[in-house]
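Please open the model in a viewer and keep the sequence beside it. The tour below proceeds by selection, with a note on what is found at each stop.

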Amino acid sequence: MLFESPVQLDIFNDNRVEMLRNDVLQWLQAHDAARAAAAIDTLARDYPQDPLLDDARVLQRALQARTQPFASIPFSQHAELHRDRLALLNVLAPAAHRRLERLYAQTWLRPFWHDLVARANTLVFRADAEQDHAAWMLLQLQDWQACANAVAHIESWRRIPAPLSWMTQAKLQTNGLRAAWPLLAELAWLTPQRLPALVAAACAPQLRHLLTQFESAWDDLEHCESPQLAPVNAAHSPQNERAFAWFPAWVLTAAPQHAPDLALAQPGQHTAPEQAMRLLVNLLGLEHQGRHHELVKLRQDLRNLHAGLYAAYMSTR
């Protein structure tokens with residue numbers, strides 16, 4: 001009688017467990033909840049301690065839940081969306097990324113995000129629950145036009161930091177920098193602390209280059225002597241994110257060709273950074289008209305408002 005050696009058994013077992021794992025992953029990738037469940041049961045029966053099982057069950061249960069009637073019922077409360085969104089982010093997504101290739105995992109997860117978006121469409125925006133809104137989730141999916149459409153349904157979105165930021169990102173991606181300049185200016189004035197992260201994430205090399213130049217130049221701009229600026233200087237420094245409110249005005253000293261686009265920014269709260277940008281837009285316009293007397297007056301206004309910006313503007317004259 002012939003007996004298999006321990007080495008032969010090990011090879012057989014290795015091949016079998018690999019085959020069973022592949023069956024599980026095949027049906028999970030195919031979004032086939034029933035066949036995935038059967039494959040998981042087979043693997044669990046023969047290899048109950050297999051490390052794939054826990055993640056596979058998480059993925060299979062999520063697929064199974066999508067087939068249930070409640071899966072299409074709109075959320076009635078933000079707390080419901082918050083619960084399901086965190087479950088997707090903290091439980092389902094990590095399991096998918098551990099067991100599926102990175103790019104495929106992102107594709108595999110998209111239907112679950114779209115389910116949340118569809119169920120969240122009736123929920124209004126709440127400032128204390130920014131991420132519990134369809135527009136935020138569409139932004140994560142990089143569905144730029146759908147994100148813009150969702151933001152457009154938020155009342156007064158142009159006066160609220162989060163939706164204004166989302167619309168700015170969507171506009172940058174769908175229409176380019178020229179179309180986004182007005183929103184970038186409004187964002188800088190309304191919530192300057194959001195500007196650096198937005199620019200860093202944007203596919204806009206020219207914008208990133210300008211912001212880098214601004215950050216490098218800011219120390220020198222703020223140390224220009226101007227008695228009237230003492231309180232402002234104390235509040236704005238390279239380490240203080242509020243300094244980014246001055247970015248749109250500075251852009252016109254470094255890249256004045258953007259003046260027509262920045263001029264389209266809607267009026268804000270008439271802050272000093274906004275006044276400075278509008279002064280520079282007017283100055284650049286007057287230069288082409290040769291109106292010397294008005295130029296002198298507006299230049300003095302700019303100097304009184306911010307000596308550093310005035311110096312940057314005059315350095316190219």
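**First stop: helix H8**

Select helix H8 and its surroundings: the buried residues of H8 pack against helix H6 (134–140), helix H7 (144–152), helix H9 (177–190), helix H10 (195–201) and helix H11 (205–222). Contact here means heavy atoms within 4.5 Å. Helices (H or I, at least four residues) are DSSP runs, numbered from the N terminus. This is a predicted model, in which local features need pLDDT of at least 70 and side-chain atom pairs count only at pLDDT 80 or more, while totals for chains, interfaces and linings use all residues. Residues are numbered from 1 along each chain as its sequence is written, and side-chain values use heavy atoms, with hydrogens and water left out.

Next, colour the buried residues of H8, among them Trp-166, Met-167 and Leu-172. Buried means under 20% relative accessible area, exposed over 50%, and partly exposed in between (1.4 Å probe, protein chains only). H8 comprises the 15 residues 161–175, and its end C-alpha atoms are 21 Å apart, in agreement with the 21 Å expected at 1.5 Å a residue. That expected span is 1.5 Å times one less than the number of residues. After H8 comes Gly-176, with a positive phi near 90 degrees.

**Second stop: aromatic rings**

Rings of Phe, Tyr and Trp (its six-membered ring) pair if their centres lie within 6.5 Å; planes under 30 degrees apart count as stacked, over 60 as edge-to-face and the rest as tilted. By this rule there are 10 aromatic pairs. Select Trp-108 and Phe-112: their ring centres are 5.0 Å apart and their planes at 35 degrees, so the pair is tilted. Both residues belong to helix H5 (residues 102–120), four residues apart, about one turn of the helix. Trp-108 is buried at 1% relative accessibility, and Phe-112 is buried at 7%.

Keep Phe-112 in view and add Arg-66, which lies over the face of its ring, 5.5 Å from the ring centre. A charge sits over a ring if NZ of Lys or CZ of Arg is within 6 Å of the ring centre and within 35 degrees of the ring normal. Arg-85 likewise lies over the face of Trp-136, at 5.3 Å from the ring centre.

**Last stop: the cysteines**

How many disulfides does the structure hold? It holds zero, a disulfide being a pair of cysteine sulfur atoms within 2.5 Å. Select Cys-147 and Cys-203: the sulfur of Cys-147 is 16 Å from that of Cys-203, its closest cysteine sulfur, too far for a bond. Cys-147 is buried, at 0% relative accessible area, whereas Cys-203 is exposed, at 66%.

Key
Helix = DSSP H or I, 4+ residues; strand = E, 2+ residues; numbered from the N terminus.
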